[in-house]
Amino acid sequence: MINKKRLVKTFIKLVKIYSPSKEERDVSEFIKRELAGLGIKSVYDNAGKYIGGNCGNLYAKIKGNVK
C-alpha cells in the first residue's frame, strides 16, 4: 500500500532542492542518503565529468526474489 503522506513529504523535499541542469548533486545526495537509510548501497559513475556536470549518474541495485 502506498503511504501518500510520506510520498508527498519526500516530493516536497526534493522539489525544494535547487538543481538546475548539470548541478544535480544536491538532489542526488538526498536520494543517496534515502537509499542508504533503507540499507541500499548506491554509487556514482563519472558521466558528470564528460558533460560538465557536478555529479555522475547514481546507480543502486536491489536484489529481487523470484518465486
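**The largest pocket and helix α2**

Author: In this predicted model, the largest pocket is lined by Arg6, Lys9, Thr10, Lys13, Leu14, Phe30, Ile31, Glu34, Leu35, Gly37 and Leu38. Happy to take questions on it.

Reader: Which elements give two or more residues to the lining of the largest pocket?

Author: Helix α1 covers residues 4-15, and the lining includes Arg6, Lys9 and Thr10. Helix α2 covers residues 25-37, and the lining also includes Phe30, Ile31 and Glu34. The elements that give two or more residues are therefore α1 and α2.

Reader: How do the residues of that lining divide into nonpolar, polar and charged?

Author: Leu14, Phe30, Ile31, Leu35 and Leu38 line the pocket, and Leu, Ile and Phe count as nonpolar. Gly counts as polar, and Gly37 is in the lining too. The division is five nonpolar, two polar and four charged.

Reader: Why are the buried residues of α2 on the same side of the helix?

Author: Good one! The buried residues of α2 are Val27, Ser28, Phe30 and Leu35. They cover an arc of only 155° around the axis, which puts them on the same side of α2.

Reader: Which residues are exposed on the other side of α2?

Author: Exposed here means over 50% relative accessible area. On that other side, the residues that are exposed are Arg33, Ala36 and Gly37.

Reader: What do the buried residues of α2 pack against?

Author: Those buried residues include Phe30 and Leu35, both of which also line the largest pocket. The partners of the buried residues are α1 (4-15), β1 (42-44) and β2 (58-60).

How values were computed
Residues numbered from 1 in each chain as written. Predicted model: local features only at pLDDT ≥ 70, side-chain atom pairs only at ≥ 80, totals over all residues. Heavy atoms only, no water. Helix = DSSP H or I, 4+ residues; strand = E, 2+ residues; numbered from the N terminus. Expected span 1.5 Å × (residues − 1). Buried < 20%, exposed > 50% of the residue type's maximum accessible area, 1.4 Å probe, protein only. Arc of directions from axis to C-beta. Contact = heavy atoms within 4.5 Å. 1 Å grid on protein atoms, 1.4 Å probe; cavity = no way out; pocket = protein on both sides within 12 Å on 5 of 7 lines; lining within 4 Å.
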